[in-house]
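The following paragraphs lead through a two-part assembly, beginning with one chain and ending with the core of the other. Please keep the structure open while reading.

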Amino acid sequence: MTKSHKKQQPTNIKSLPKTPTGITGLDEITSGGIPQGRPTLICGEAGCGKTLMSLEFIVRGAMIFNEPGVFMAFEEKTDELAMNVASLGFNLYELQEQKKVKLDHVHIDRSEIEETGEYDLEGLFIRLGHAIDSIGAKRVVLDTLENLFSGLSNEIVLRAELRRLFTFLKNKGVTAIITGEKGDGGSLTRQGLEEYVSDCVILLDHRVINQISTRRLRVVKYRGSQHGTNEYPFLIDEDGISVLPVTSLGLEKAVSSKRISSGIPALDYMLGGQGFFEGSSILVSGTAGTGKTSISAYFAAETCKQKKRCLYFAFEESPNQIIRNMRSINIDLQPYVNSGLLRFHASRPTLYGLEMHLVAIYKLIQQFKPDTIILDPITNLITVGSVSEVKSMLVRLIDFLQNEQITVMFTALSLNTVVNEQTDEGVSSLVDTWMLVRDIEHNGERNRGLYIMKSRGMKHSNQVREFIITDKGLDLVDVYLGPEGVLTGSAREAQQLKERTGVALRDFAVSRKDKEITRKRTMLESKISNLQAEFESVEEELNRIYYEDELKQQIMDKNRDEITKMRRGVKEDIPVKKKSNGRRSNKL
Amino acid sequence: MEDEVINYELRLYIAGKTAKSVSALSNLKKYCEEHLKGQYSIEVIDLLVKPQLAEGDQIFAIPTLVRKVPEPIRKIIGDLSNEEKVLVGLDIRPR
């Protein structure tokens, strides 16, 4: 049979049948669940969530996978158990009535028991067998089997019986979870249960670092299967346990070349005219009061304006505070909150550990499915973790967000202390776009300058822009670059004013000169006309003299003709003389 | 005296006729005849036949002897080979 299998699907031989736990994230880490038909050990210290995890395994199995389960409790009574998980929305009584779950409390009290002679645990086997058979269980949990050791003194018998128990479970074909308390020293469990359960061992841990507790989970061993070997943080909340499969192993992510506006046209212009890439990560860093939150609020408003969803994680201010403050710069976020496009999630960073924040963010994102998210500010997370921890958390977050194609904007406060400069640096190498808002102190006042330190994959401005916040909103203006250097704020305005004055003065001077020239022209023109008049009078004079001469000549000619006529007494010649007379007058 | 007759109500849980079960039953009968003659009743429950009864008396080891009456309930597990322990366990002999 194996041979025929081998020929058909060679990989099938290797793959181990698995039972999905239904616990968020755990199935991803174990790539499918815990080994089917075999026992799995969950161990850890008191209060790390062993019982809850195993109980969730049973409940999820019954509810999602339709696999009935038996929960055998050695510690808590069934009523207590039911009450404990009622807060998670699991109704154990109902499931029991539906024959999907069977709870059995094994009460072992040393004071009630006397041991004489030889015995075995056949009674337990019968009980368990009966419970399994009565509901056709596929899943079994034995919650803290080690209680047997405290109730019974014959360890040799117990150990032999434990071995028999695991064989019994395997023969029954049930997928079992056995819980065990962490022992002293290097051993995983107090009674060395791990030597009986060799297929899969999951270690739970509950650590307190800097007064902040974080639950973590690690798959110590998983025979016959690949599994994530890291420590994964997990969260217990109203929905049960969620484990965060922290890192995607590769960098093979889909990328988008679509752009998304920052909400500030001038800023978009600096970013190649179109804004950020969709699914990219943006860091806005700056000193206190430089308007980082305002930039992110603009971005949030812009997202909502385009009917997209935005999730705003506020680590510093309460949502109402942000909404009120943003009204002063002409953004009203309230309508977006009402319409469900914008959701705020405000929590103090110190509320829980870094990993928990990550899990909480992860869960909310899965729930709300936003297009953009804002973390304001990430700097505060430093209070609950070291720089490298924050960085690793952000790497994972960015990883996750890029897979989901969610644009993220972080704001980071940078003080001039060493630690925070490190944060800046640590994060800035990860992000796609880094904007820096800086105080420019000059001339007794403080102004904001915005730089784009980097922006991957787009042409971006190398200019420093003055970032101004007015009651009409945010804007960027070019800083003044004059002979006196870079000027901002009122110095810039003064310089501009000065230039305007200069222009006015020059204009005035020019117009005065113009007038002078006009005057001169009129003067010259009048002189010219004078001369002209003079010339005319002279000409007239000349003409007159000439005319007089002509007249004199005519008269003289006439007279001579008259005289000649008189002397000769000839009348025929007269017309000839008349002719010449006419010619002369014409000439004149 | 009449009260004492019904004073001891004992229940022995076994799982099939194993050597331990058989010796436990014979040991029990012997002690009872010796010390509680006429004051006891023994009920033998085979869990292979009635597995559902195991939960009620919180049975996990086999064989288990349960003293139902007089109260408080007492349990003795094992093949009852140590007479002294059995008698003390059943409060027949003071501790």
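Chain B contains four helices and four strands, where helices (H or I, at least four residues) and strands (E, at least two) are DSSP runs, numbered from the N terminus. Read from the N terminus, the order of elements in chain B is α-β-α-β-α-β-β-α. This is a predicted model, in which local features need pLDDT of at least 70 and side-chain atom pairs count only at pLDDT 80 or more, while totals for chains, interfaces and linings use all residues. Residues are numbered from 1 along each chain as its sequence is written, and chains are lettered from A and ligands numbered from 1 in the order in which they are written.

Of the 95 residues in chain B, 38% are buried; a residue is called buried if 20 or more other C-beta atoms lie within 10 Å of its own, exposed if 12 or fewer, and partly exposed in between, with C-beta atoms placed from the backbone. Among the contacts in chain B between residues at least 6 apart in sequence, 65% link residues at least 24 apart, a contact being a pair of residues whose C-beta atoms, placed from the backbone, lie within 7 Å.

The strands of chain B can be followed through their pairing, which requires that DSSP finds at least two bridges between two strands. Strand β1 (residues 8-14) of chain B is antiparallel to strand β3 (residues 64-69) of chain B, with five bridges between them, and Leu10(B) has Arg67(B) in β3(B) as its bridge partner. On β3(B), Arg67(B) also has Arg74(B) in β4(B) as a bridge partner, within an antiparallel pairing of β3(B) and β4(B) over four bridges. The connection from β3(B) to β4(B) is a hairpin through four residues.

Strand β4 (residues 74-77) of chain B also leads across to the other chain, since it pairs in the parallel sense with β6(A) over three bridges. One of the residues involved is Glu115(A), whose bridge partner in β4(B) is Ile77(B). Over the interface as a whole, 21 residues of chain A are in contact with 28 residues of chain B. On the side of chain A that touches chain B, the elements giving two or more residues are β6 (113-115) and α7 (122-135) of chain A, and α7(A) provides the largest share, seven residues. That side of chain A is made up of seven nonpolar, six polar and eight charged residues, if Ala, Val, Leu, Ile, Met, Phe, Trp, Tyr, Cys and Pro count as nonpolar, Asp, Glu, Lys and Arg as charged, and the others, Gly among them, as polar.

Chain A itself has 18 helices and 25 strands, and buried residues account for 39% of its 588 residues. In chain A, 70% of the contacts with a separation of 6 or more are between residues 24 or more positions apart.

What can be said of the surroundings of strand β3 (residues 39-44) of chain A? Six of the six residues of this strand are buried, so β3(A) is largely enclosed by the rest of the structure. Pro39(A), Leu41(A) and Cys43(A) point one way from β3(A), whereas Thr40(A), Ile42(A) and Gly44(A) point the other way. The strand β3(A) is parallel to strand β8 (residues 175-181) of chain A over six bridges, with Gly44(A) opposite Glu181(A) in β8(A). It is likewise parallel to strand β9 (residues 200-209) of chain A, to which five bridges join it, and there Thr40(A) has Cys200(A) as its bridge partner.

The largest nonpolar core has 157 residues, and those touching the most other members are Phe71(A), Val140(A), Val141(A), Val243(A), Ala300(A), Phe313(A) and Ile374(A); such a core is a set of buried Ala, Val, Leu, Ile, Met, Phe, Trp, Tyr and Cys residues joined through C-beta atoms within 7 Å. Helix α11 (residues 292-305) of chain A gives the largest share of this core, seven residues. Leaving aside neighbours within four places in sequence, Ile374(A) is in contact with residues including Phe299(A), Ala300(A), Phe313(A) and Met409(A).

By contrast with the core, Asn320(A) in helix α12 (residues 319-327) of chain A counts as exposed, because Asn320(A) has 12 C-beta neighbours inside 10 Å.

Technical notes. Contact = placed C-beta atoms within 7 Å.
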